[in-house]
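Reader: I should be grateful for a close account of a single part of this model, namely the surface facing the nucleic acid. Please set out its composition and its polar contacts, and then place it in the context of the surrounding protein.

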Protein chains: 2
Amino acid sequence: MANKQASITTIATHLGLAVSTVSRALSDHANIREDTKERVRQMAIKLNYQPNHLAAGLRKGHSGILGVVVPHISGYFFPTVMHGIEKMASKAGFHVMLCQSNEDVKQERANLKMLMNAQVEGILISMSSTTHDYQHFEKVQNKGIPLVFFDRMPDLPTTNAVVLDDHQGAFGVVKHLVEQGCKRIAFFSGPQHLNINKNRFEGYVDALESFGLLLDPELVFQLPNLSKAAGAEGMNQFLQLDSPPDAVFSSYDMPAVGALEVLQERNIRVPQDIALSGFSNEPFTTLISPRLTSVEQRGELMGEAAVRLFLQMHKRTDNYSPQRIMLKPQIEVRGSSLRNLL
Amino acid sequence: MANKQASITTIATHLGLAVSTVSRALSDHANIREDTKERVRQMAIKLNYQPNHLAAGLRKGHSGILGVVVPHISGYFFPTVMHGIEKMASKAGFHVMLCQSNEDVKQERANLKMLMNAQVEGILISMSSTTHDYQHFEKVQNKGIPLVFFDRMPDLPTTNAVVLDDHQGAFGVVKHLVEQGCKRIAFFSGPQHLNINKNRFEGYVDALESFGLLLDPELVFQLPNLSKAAGAEGMNQFLQLDSPPDAVFSSYDMPAVGALEVLQERNIRVPQDIALSGFSNEPFTTLISPRLTSVEQRGELMGEAAVRLFLQMHKRTDNYSPQRIMLKPQIEVRGSSLRNLL
DNA sequence: TTGAAAGCGCTAACAT
DNA sequence: ATGTTAGCGCTTTCAA
């Protein structure tokens, strides 16, 4: 029962007007008589006219589309960021085109290419974890398409990005643990080539130094992945040490749960014997017992800020000095690390 | 440093060929000499040519874009579905354009309009909870644009949809609870105008009847929202009854956690005194203690199936008889409801 | 205030 | 095997 698509031309013919007049009437151009506008609007409704963005975009030279590439649409963090992006973008009149790289550089490259073909006016991207060279990013920038990274970014002088201050987040957690009387603070670390993990680790190291604690390599566990099992493995390893830690700070929440389960099985008290903290503030942190101390990543804010940065770059096409926006993390102290309950 | 966009015309001029030849060469048309193709390809690379999808779409009369509308990009379920959608759509060569309605009909209408303007070739949508009239859906269908609902759908004869068999899921949970020896099974119900909640409730009711249990209205609590607090409220209400339930089945996971916390505070044992089940199988169900029995919703599968259904409809533009795909739920039995541990 | 006409980049008849 | 040409639906000079 498909109606034939009504176009501006259709309206024009029906009304005995020129297409240009109709076009202007529809975009509320000043030099069109009000009654003409009204007639056009009525006819548009009558014919169920829908503007064709493709045609308008082609003619005007911009598509009104904003491209987004995430490593994956799952878990808690990325959807939250996307929520912020979509909200802000649609408010600014942009359509969001979404891709996932599945943590694979090849797909990431394909995604960027495809988005450029779709004539997006900008791309917001969080790098895949397998991305080590950045030529595909340069290609985008060379085309003059604003490229904004969020959360995961390459460390280049040309990088525009919105990131969490992971260093400060990690530093703050360690500070808190020290205040709770912890002296041997262990660390679960993620893959170091991602800026976020590097910064979390450095925040941990710097905090130890600041508070006069030694960095013991035995107390740093490289997570093979970000699962509960990985955390359990790390925890078991720590417990075999001659002098086990009195706190474990995990770069991610899920491994912290793995650690917690190991501790509960062995009847080691949390936080009294070993305090625990994660990072990301996933919703489940408040559902487990004890509740898990963690660092809020401000995903929605991050998404909004990324769009805002894009909008800035979009305005000034002249040479624009790269900008990095650092969001302040917020440490959510909960039962897993809070010893002084009074 | 923005390169001037190279077009097919640019390539043609550089090579002294006609645009049509270049166009054909690039799409690997049979009637073009191999060496010509090669020259064109080389020049395309040299000039850093990127095809313009807008132009191609306009000319060919289809955009290669698939529109998706979700109530919100947050929580666990919708991102999971989107993951499946994006995966499948990109495999089929479609770009995904994403909107959220924020559970607001007005925004939902605006989203559909916008997607139609963007000339999407189909729309996958999960209805907002405030949608009660369906005219905007009919508009889409009248334009001949395939419209596929997932999870939340209007009950119309024209509805194409992929949904979970919520009735069967709920029935199965009650059956399991009965098998665990529960006799007074209470229910947390969601807003009844959404098909999913209606079906879950009916599954509960039908199961009670099947197993010879009476439906006691006192044991049905209408959730004011889907929060932990709502579940706690319902649980407290049940506990004040003269004869409280020995099982609570919540239409959603989060309220079940609220109920669990109330029970733990009062030292009521789960599952021995009161068994508990949720619905949705959110990741946190395996992180809390006891682990929460729940119903897996197959989000990724649902997304994939929705795209597949769209692809079917897309092929046959002739009159297509509406199809509804029912995904089989899977009941994940866990500690919160498992009494016979041997 | 309105109209005529060109053209965005591409594809697809229809030539040759 | 390649070229010529028209046109997708829209915006925007330029002209009236």
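**The surface facing the DNA**

Author: The residues of the surface near DNA strand C comprise nine nonpolar, nine polar and six charged ones. The model under discussion is a predicted one. This surface consists of 24 residues, of which Thr21(A), Arg59(A), Ile8(B), Tyr49(B) and Arg59(B) come nearest to DNA strand C. Four helices each supply at least two of its residues: H2 (19-26) and H4 (53-60) of chain A, and H2 (19-26) and H4 (53-60) of chain B. The greatest contribution is that of H4(B), with four residues. On the DNA side, sugar or phosphate provides 60% of the atoms of strand C that lie within 4 Å of the protein, and bases provide the rest.

Several polar contacts are directed to the phosphates of strand C. An N or O atom in the side chain of Thr21(A) is 2.5 Å from a phosphate oxygen of this strand. For the side chain of Tyr49(B), the corresponding distance is 2.6 Å. Thr36(A) likewise places a polar side-chain atom 2.8 Å from a phosphate oxygen of DNA strand C.

DNA strand D may be described in parallel terms. It is surrounded by 24 residues, and the closest are Ile8(A), Tyr49(A), Arg59(A), Ser20(B) and Arg59(B). Of the atoms of strand D that come within 4 Å of the protein, sugar and phosphate account for 60%. By class, nine residues of the surface near strand D are nonpolar, nine are polar and six are charged. H2 and H4 of chain A, together with H2 and H4 of chain B, each give at least two residues to this surface, and H4(A) gives the most, with four.

The contacts with the phosphates of strand D include some made by the backbone. Ile8(A) has a backbone N or O atom 2.6 Å from a phosphate oxygen of DNA strand D, and a backbone N or O atom of Arg33(B) lies 3.0 Å from a phosphate oxygen of that strand. From the side chain of Thr36(B), a polar atom lies 2.9 Å from a phosphate oxygen of strand D.

The two chains that supply these helices also meet each other. Their contact takes 48 residues from chain A and 48 from chain B. About 4600 Å² is buried between chain A and chain B, and carbon and sulfur atoms give 58% of that area. Within the share that chain A buries against chain B, Leu54(A), Lys143(A) and Leu287(A) supply 17%, more than any other three residues.

The interior of the protein completes the setting. In soluble globular proteins, nonpolar side chains tend to be buried together. Here the largest nonpolar core has 186 residues, and Ile123(A), Leu124(A), Ile123(B), Leu124(B), Ile185(B) and Phe249(B) have the most contacts inside it. Among the residues that Ile123(A) touches, beyond four places in sequence, are Leu66(A), Val69(A), Leu112(A), Ile145(A) and Val148(A).

A polar residue may serve as a final point of reference. Ser250(A) lies in strand E8 (residues 247-250) of chain A and counts as buried because its relative accessibility is 1%. Its side chain reaches the backbone oxygen of Tyr252(A) at 2.5 Å. Beyond four places in sequence, Ser250(A) is in contact with residues including Phe188(A), Pro255(A) and Phe279(A).

Methods: Residues are numbered from 1 along each chain as its sequence is written. Chains are lettered from A and ligands numbered from 1 in the order in which they are written. This is a predicted model: local features need pLDDT of at least 70, side-chain atom pairs count only at pLDDT 80 or more; totals for chains, interfaces and linings use all residues. Side-chain values use heavy atoms; hydrogens and water are left out. A nonpolar core is a set of buried Ala, Val, Leu, Ile, Met, Phe, Trp, Tyr and Cys residues joined through side-chain atoms within 4.5 Å. Buried means under 20% relative accessible area, exposed over 50%, partly exposed in between (1.4 Å probe, protein chains only). Contact means heavy atoms within 4.5 Å. A residue is near a molecule or strand if one of its heavy atoms lies within 4 Å of it. A polar contact is a pair of N or O atoms within 3.5 Å; within protein, one must be able to donate a hydrogen and the other to accept it, and residues adjacent in sequence count only if both atoms are side-chain atoms. Ala, Val, Leu, Ile, Met, Phe, Trp, Tyr, Cys and Pro count as nonpolar, Asp, Glu, Lys and Arg as charged, and the others, Gly among them, as polar. Buried area is the accessible area (1.4 Å probe) that two parts lose on being put together, summed over both.
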